[in-house]
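Thanks for making time this morning; I would like to walk you through one model, taking the cysteines before the sheet. Please have a look at it first.

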Amino acid sequence: MNPNFATVGQAFVKTYYETFDSNRAALASLYVAESMLTFEGAQFQGSDAIIKKLTSLPFQAIAHVLSTIDCQPTVSLGIIVFVVGQLKTDNDAPHTFNQCFHLKPKPDGSTYYVFNDMFRLSLHNG
């Protein structure tokens, strides 16, 4: 088990959302060819396809306000990170979102990359 899983997970989340909110294209270094994103049910594989999706989202200004960050260790020193928060885009009302990341260590063990990324808005009908 990775004893630093919570520290690594928290640091990843800070970096991820600060980068997302300021320069989505710069997230490319966090993904690899095997990475997969499920965004509102649509799936994208590989860094290029994932960044193309994220940079094509139809808003200019964005801010993530995080409520909770839960981390758990997985096999092979991986980390599952589950985030709940609010997404504020342009002049729209805030929307609650959930995002789950599976982080895997790079082969040299120096850093982690996103192996799996699942994102959903929590929209209420009625």
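**Cysteines and sheet**

The sulfur of Cys71 has its closest cysteine sulfur in Cys100, 10 Å away, which is too far for a bond. A disulfide here is a pair of cysteine sulfur atoms within 2.5 Å, and by this rule the count is zero. Cys71, at 16% relative accessibility, counts as buried, and Cys100, at 16%, is buried as well, where buried means under 20% relative accessible area with a 1.4 Å probe and protein chains only.

I should say that this is a predicted model, in which local features need pLDDT of at least 70 and side-chain atom pairs count only at pLDDT 80 or more, while totals for chains, interfaces and linings use all residues. Residues are numbered from 1 along each chain as its sequence is written, and side-chain values use heavy atoms, leaving out hydrogens and water.

Turning to the sheet, six strands (DSSP runs of E, at least two residues, numbered from the N terminus) form an open sheet with mixed pairing in the order 2-1-6-5-4-3, pairing being defined by at least two DSSP bridges between two strands. Strand 2 (42–45) and strand 3 (62–73) stand at the edges, each having a single partner strand, so one side of each lacks a neighbour in the sheet. Strand 5 (residues 95–105) and strand 6 (residues 112–121) run antiparallel and are joined by nine bridges; in strand 6, Asp117 is the bridge partner of Phe101.

Key
Buried means under 20% relative accessible area, exposed over 50%, partly exposed in between (1.4 Å probe, protein chains only). Helices (H or I, at least four residues) and strands (E, at least two) are DSSP runs, numbered from the N terminus.
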